[in-house]
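Q: I am new to reading protein structures, and I would like a close look at one part. Could you walk me through the place where the two halves of the fold come together?

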Amino acid sequence: MTNVFAYQNGSLAVEQVSLERIAAEVGTPCYVYSTERLRQNYADFIGGFQGMNAAVYYAIKANPNLAVTRALVDCGAGVDITSVGEMERALRAGVSPTKILYSGVGKRRDEIEAALNAGIRQINVESLPELHLIEQVTAELGKRAPVTLRINPNVAARTYKQNSTGELGTKFGIDLAQLDGVMEIVAKLSHIDFKGFQVHIGSHVFDFEPFREAFQKLADLTRFWRTKGFAIDRLDLGGGITIPYDSQTLAPFSDYVAIVRETVGDLGCELAFEPGRRLVGDAGILLSRVTFDKQGLSKRFLILDAGMNDLIRPAMYGARHTILPVKENHAADAPLADVVGPVCETSDLFGEDYRLPGVGQGDLVAILQAGAYGSAMSSNYNGRALIPEVMVSGGQFAIVRRRITVAEQLGWEAFPPWFEDKKPVEAHSCRAATG
Ligand SMILES: Cc1ncc(COP(=O)(O)O)c(C=O)c1O
């Protein structure tokens, strides 16, 4: 895979565009995505399953940006959604409804109705009440609903606790011990078109063995329920494979493919995958400028203009991203610094003890591996703007989401009528107010 984030003429570039140029023209902080890397990641994933009946449904939650989604859809990806909002995005990005899967534990009646009316490929059902609601809505619409049942296989994904979704006691999927009862009901519901099973054990999974355990359980279930007369022709294996963050090393993707082949490869089922992070995680960086280089009594802090509201993973899980100086400098003896943001929380910390040679006040840094669950999970906390997103392709770049300024955000709110007599102060649109 070609390295799309490399130094060129002493400055870090994305494909052929220097980050200094993007910072000058767009401002910081901002996200920058590589189209080339998105395409490479898709080709790499689907290429692993050549000769198998397999399809990739991009988990749009990882990065719902329309241009990012479109790049993957143009490669041939379907989309895995968790809400009707995400369905609207997926459709806008050009995916056919017949290539949309719908996941999530709390689908509302109106969302189920909208998904059925759009004619999506499959609803992944996570509970008995959801199954009953789908039956009811489908009957009212005079349709049939293609569904898989999401199983909770009780497998520890060995990832961050917040990212583990396949263990007993988590809210996800149908507990194995309750499946008999659910299958009995499935057999009786006349508007449910049962297709097979789904499993998703978690996100940021770097050890592939939990996948083996979960997929084996799925294979055993498939064989068992086929003997009971159920036609099972789809297995949805979820997403969850991580990318290497910072200095992590990962087993090769071919190991994951081998696990899939060994566990479910001989069942004659169509296999669906729902990768998010794996497709977009290393295709994006967060570009930021050092506001202050602060020497404290015991520590040095590089205070960035990006904060935990822009990229929450380090604050949320203690995740550590690679951070690089934009101006090339490989000096080994640079002083260590904690890299922090401006938000008024101690947890607004990108990480401790980074060595960033040549980086001081006013300099640019790139936070790598920021394409997944970065912008997607950002907020306007601390009165901050939502930052721009930029896409690069070869030597060109474009703003694919502009800055959502604080002045605009003020327009989202209103005073209640009983405050009518108090005139609001006009918003000023200085840089400090717009973030
Ligand atoms: C049902 C489902 N599928 C796919 C994904 C994508 O996970 P990842 O981005 O780790 O591949 C998630 C995220 O947790 C999910 O909940």
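A: Let's begin with the chain as a whole and then turn to the side of domain 1 that touches domain 2.

What you see is a predicted model. Its secondary structure comes to 13 helices and 21 strands. The radius of gyration is 24 Å, close to the 22 Å that the globule rule gives for 435 residues, so the chain is as compact as a globular protein of that length. Of these 435 residues, 45% count as buried.

Now find the two domains. Domain 1 is made of two stretches, 5–31 and 281–408, while domain 2 covers 35–280. Their C-alpha centres lie 32 Å apart.

Where they meet, 23 residues of domain 1 are in contact with 20 residues of domain 2. On the domain 1 side, at least two residues each come from α11 (313–317), β20 (389–393) and β21 (396–401). Of the elements there, β20 gives the most, with four residues. As for chemical character, this side of domain 1 has ten nonpolar, eight polar and five charged residues.

To finish, here is one single residue to look up. His 330 sits in the loop between β16 (323–325) and β17 (336–340). It counts as exposed because it has 9 C-beta neighbours inside 10 Å, and the cut-off for exposed is 12 or fewer. Try locating Leu 356 as well: it is 26 residues from His 330 along the chain, and their C-alpha atoms are separated by 8.6 Å.

Technical notes
Residues are numbered from 1 along each chain as its sequence is written. This is a predicted model: local features need pLDDT of at least 70, side-chain atom pairs count only at pLDDT 80 or more; totals for chains, interfaces and linings use all residues. Domain bounds come from an automatic or database domain assignment. Two residues are in contact if their C-beta atoms, placed from the backbone, lie within 7 Å. Ala, Val, Leu, Ile, Met, Phe, Trp, Tyr, Cys and Pro count as nonpolar, Asp, Glu, Lys and Arg as charged, and the others, Gly among them, as polar. A residue is buried if 20 or more other C-beta atoms lie within 10 Å of its own, exposed if 12 or fewer, and partly exposed in between; C-beta atoms are placed from the backbone. The radius of gyration is taken over C-alpha atoms; the globule rule is 2.2 Å times the number of residues to the power 0.38.
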